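Grab a pencil and work through these exercises one by one. Each task comes with a solution that goes step by step.

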Amino acid sequence: MMKLYSTVIGISLLAACHTAAPEQQQVAVPPVIAQLNPMVLIPGGEYEMGADDNTGMPDEYPRHAVKIDSFWIDEHEVTNAEFRAFVKATGYITTAERPISKEEYMRSLPPGSPEPDSSMLLPGSLVFTPTDHAVDLNNVGQWWRFELGADWQHPEGPGSDINGKDQFPVIHVSWEDAQAYAKWAGKRLPTEAEWEFAARGNLKGQPFPWGTELPQVGKAKANIWSGHFPYENTESDGFYNIAPVKSFAANGYKLYDMSGNVWEWTADWYASNYYNEVQPGAANPGGPDTPYDPADPNSPKRVIRGGSFMCSDEYCRGYRVSARMKTTPESGLSNLGFRCARSVR
């Protein structure tokens, strides 16, 4: 499915409220994971979810009150070291490492579509490839390519590896992969409402995890794109691509990388009009029952949050705490990872 989505994913990156489904009996967090990524207790409360000013995208409005129970969340994004421990313990094979069948591919296409070339059924994932000149920022296909053999262990494709990158966020993981890891680790994915509550770091009405100062002003606050996207990155924040976790200051809840570095999967389906339908003051909303993206109505998507190293003031601006993006659950990208949450019992 990652092969099929190599075109549609770029568009994605440009129902009544309900509470999150009850969880199954929690299992203990494996000691190696508890050591590598301590969880932080986020005290419950109420906050205004959505854009804090007029700079948001349409799906960030209207701003609405949300009540959140206390929960635990990972201190930082899940790293290569953590994911390697999971794979070693379970033998898990990620979506990007699996070939897909012709039948599976055809089920996702409109009726009458031509059959795929055999190369489209081979394992791989989407890799960011910067240009060497200015391009139309509405055509995301100019900086994304589907790379055969790209996966979490080979982030740029065959010949690349993650040696010496234990502390980097794991990437090229689908929503299914993140779910499998979370279940093994005795955790779950955070809801979108939990994620934003945690990202705000106990600040009220502020656009960034650190407050109001723009990320391009003063000391580097997050790993984002500096310069002209996608052909010039001045690396004023110290990094061209992804950075090791905890490379920047934590927010008020002592959480790292809630802005920039890699996008993060959440539990929720995406619906563009969800904020218009959720009831103000809803307790622990778990997203819409029915996903809907008007730009791509035939492809259900999950919400991703937090922005990545590719976000800039010219393109995306996903580093704002209220920014919402979406992609299909099968998708893997070289700027998409996750962190986990855990309910308080």
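**Exercise 1: getting an overview**

How many helices and strands does the secondary structure of the protein chain come to? Then find out how far the model can be trusted.

*Solution.* Step 1: the chain has seven helices and twelve strands. Helices (H or I, at least four residues) and strands (E, at least two) are DSSP runs, numbered from the N terminus. Residues are numbered from 1 along each chain as its sequence is written.

Step 2: remember that this is a predicted model, where local features need pLDDT of at least 70 and side-chain atom pairs count only at pLDDT 80 or more, while totals for chains, interfaces and linings use all residues; side-chain values use heavy atoms, with hydrogens and water left out.

Step 3: look at pLDDT, the predictor's confidence in each residue, from 0 to 100. The chain has a mean of 90, and 89% of its residues reach 70 or more. Over residues 1–24, though, the pLDDT is below 50, and this stretch has 90 contacts in the model beyond near neighbours in sequence. Contact here means heavy atoms within 4.5 Å. Where pLDDT is low, the predicted coordinates should not be read in detail.

Step 4: check the burial. Of the 345 residues, 53% count as buried (under 20% relative accessible area; exposed is over 50%, partly exposed in between; 1.4 Å probe, protein chains only).

**Exercise 2: Thr94 and helix H3**

Is Thr94 buried or exposed, and which residues does Thr94 touch?

*Solution.* Step 1: locate Thr94 in the loop between helix H3 (80–90) and helix H4 (102–107).

Step 2: with a relative accessible area of 0%, Thr94 is buried.

Step 3: list the neighbours. Leaving out residues up to four places away in sequence, Thr94 touches Phe83, Trp152 and Asp177.

Step 4: now turn to H3 itself. Its buried residues include Phe83, Phe86 and Val87, and the buried residues of H3 pack against H2 and helix H5 (175–184). Just after H3, Gly91 takes a positive phi of about 75°.

**Exercise 3: following the salt bridges**

How many salt bridges does the structure hold? Trace a few of them through the chain.

*Solution.* Step 1: get the idea. Side chains of opposite charge can pair when their charged atoms come close. A salt bridge is a side-chain nitrogen of Lys or Arg within 4 Å of a carboxyl oxygen of Asp or Glu. The structure holds 18 of these.

Step 2: start with Asp52 and Arg200, whose closest N and O atoms are 3.1 Å apart. Asp52 sits in the loop between strand S2 (45–49) and strand S3 (64–68), and Arg200 in the loop between helix H6 (192–199) and strand S7 (263–269), so this pair ties together parts that are 148 residues apart in sequence. Arg200 is buried, at 4% relative accessibility.

Step 3: move on to Arg320 and Glu60, with 2.8 Å between their closest N and O atoms. Arg320 is in the loop between S9 and S10 and Glu60 in the loop between S2 and S3, so the pair links distant parts of the chain, 260 residues apart. Both Arg320 and Glu60 are buried.

Step 4: find Arg305 and Glu196, which meet in a salt bridge of 2.7 Å, N to O. Because Arg305 lies in strand S9 and Glu196 in helix H6, they tie together parts that are 109 residues apart in sequence. Arg305 has a relative accessible area of 0%, so Arg305 is buried, and Glu196 is buried at 0% too.

Step 5: join the dots. Salt bridges that share partners put Asp52, Arg63, Glu192, Glu196, Arg200, Arg305 and Arg324 into one network.

**Exercise 4: Ser322**

Where is the place of Ser322, and which residues does Ser322 touch?

*Solution.* Step 1: look in the loop between strand S9 (302–305) and strand S10 (324–327).

Step 2: Ser322 has a relative accessible area of 4%, so Ser322 is buried.

Step 3: not counting residues up to four places away in sequence, Ser322 touches Gly50, Ala51, Glu60, Glu196, Arg200 and Arg305.

**Exercise 5: Pro38**

Which residues is Pro38 in contact with, leaving aside its neighbours within four places in sequence?

*Solution.* Step 1: Pro38 is in the loop between helix H2 (31–36) and strand S1 (39–42).

Step 2: at 33% relative accessibility, Pro38 counts as partly exposed.

Step 3: the contacts are Ile73, Asp74 and Glu75. Pro38 and Ile73 are 35 residues apart along the chain, with 8.5 Å between their C-alpha atoms.
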